[in-house]
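Q: Could you take me on a close look at one part of this model, the helix near the end of the chain and what packs around it? I'd enjoy one connected walk-through, with the rest of the interior for context.

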Amino acid sequence: MTEKTFERKEEVLEAALDEFAANPYEAASLNTIIKNAGISKGTFYYHFADKQALYLYLLEHAADAKMDFLLQRMGDAPGQAGDIFEMIKWQAGLGVEFAAAHPRLEALSRMLLKEKGKPIYDAAMALLGRGAEAMLAEMIDEAVRKGDFREAYPREFIVKTVGFLLANLDHIVYGDGDLTLDEMHRNLGYFMDFLKSGLGKQ
């Protein structure tokens with residue numbers, strides 16, 4: 001989006017969230033978004049190049065909202081004495097709470113995962129994914145130095161395995177989207193027990 005003043009930005013983002021959270025990217029209607037936001041096509045195209053630009057802006061907005069949620073809880077993070085599994089569990093637990101508090105943003109994330117293998121997913125990952133991958137690799141490097149993982153597994157194997165599992169964590173933890181917060185935390189506990197028993201130093 002351009003830096004030009006946009007008085008109805010929130011209305012556009014709300015309408016876009018409704019549409020993109022309920023429909024695959026290709027099926028989502030830009031006309032519906034424009035109509036529900038109460039703006040003209042001219043106003044829309046003054047601020048966004050096209051539907052993809054709006055979609056990527058919305059994803060970035062959602063990622064910022066989740067990061068703000070996490071930063072507000074940083075004081076609760078495990079200290080240096082904790083291992084990487086405790087840190088992952090803490091971060092994933094906050095993700096569960098964020099999903100419960102912001103169901104439409106969670107629906108948007110799930111819809112994005114269904115786009116894997118399509119150009120729009122690659123565009124989204126180019127925008128959002130690299131920072132998360134770099135952060136995970138940094139966490140794993142520190143955990144390797146601390147001895148949190150079994151020495152039998154090389155770093156690259158650990159990075160790829162943990163990265164793959166975390167990328168698909170929502171399928172394990174959230175189920176079909178009808179679980180309670182307690183049930184999601186229970187599933188997260190199962191997942192972390194499995195991850196630590198498989199990769200963690202015994």
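A: Happy to. In this predicted model, the cover over the buried residues of α10 includes α5 (84–101), α8 (155–167) and α9 (169–173). The residues of α10 that are buried are M184, N187, L188, G189, F191, M192, L195 and L199. The helix itself runs over residues 181–199, 19 residues in total. From its first C-alpha to its last, α10 reaches 27 Å, close to the 27 Å expected at 1.5 Å a residue.

Two of those buried residues lead us on to the nonpolar interior. F191 and M192 belong to a second, separate core of 24 residues, which also includes V96 and M139.

The largest nonpolar core, by comparison, has 33 residues. Within that core, the residues with the most contacts are F20, F44, L54, Y55, L58, L59 and L108. Two or more residues each are given to it by α1 (9–22), α2 (30–37), α4 (51–71), α5, α6 (103–113) and α7. The largest share, eight residues, comes from α4. Notice that α5 turns up twice in this tour: α5 is among the elements covering the buried residues of α10, and α5 also contributes to the 33-residue core.

F44 is a good place to pause in that core. Leaving aside residues up to four places away in sequence, F44 touches L30, I34, I39, D50 and L54. F44 also joins Y45, F48 and Y57 in one aromatic cluster.

The structure holds nine aromatic pairs. One of them is formed by F48 and Y57, an edge-to-face arrangement with 5.8 Å centre to centre and 70° between the planes. F48 counts as buried because its relative accessibility is 2%, under the 20% cut-off. Another ring to look at is that of Y25: the charged end of K51 sits over it, 4.5 Å from the ring centre.

Finally, have a look at V144, which is found in helix α7 (residues 119–146). With a relative accessibility of 40%, V144 counts as partly exposed, so it falls between the 20% and 50% limits. To get a sense of distance across the model, compare V144 with H47: they are 97 residues apart in sequence and 46 Å apart in space, C-alpha to C-alpha.

Notes:
Residues numbered from 1 in each chain as written. Predicted model: local features only at pLDDT ≥ 70, side-chain atom pairs only at ≥ 80, totals over all residues. Heavy atoms only, no water. Helix = DSSP H or I, 4+ residues; strand = E, 2+ residues; numbered from the N terminus. Buried < 20%, exposed > 50% of the residue type's maximum accessible area, 1.4 Å probe, protein only. Phe/Tyr/Trp six-rings, centres within 6.5 Å; stacked < 30°, edge-to-face > 60°. Lys NZ or Arg CZ within 6 Å of the ring centre and 35° of its normal. Expected span 1.5 Å × (residues − 1). Contact = heavy atoms within 4.5 Å. Core = buried A, V, L, I, M, F, W, Y, C linked by side-chain atoms within 4.5 Å.
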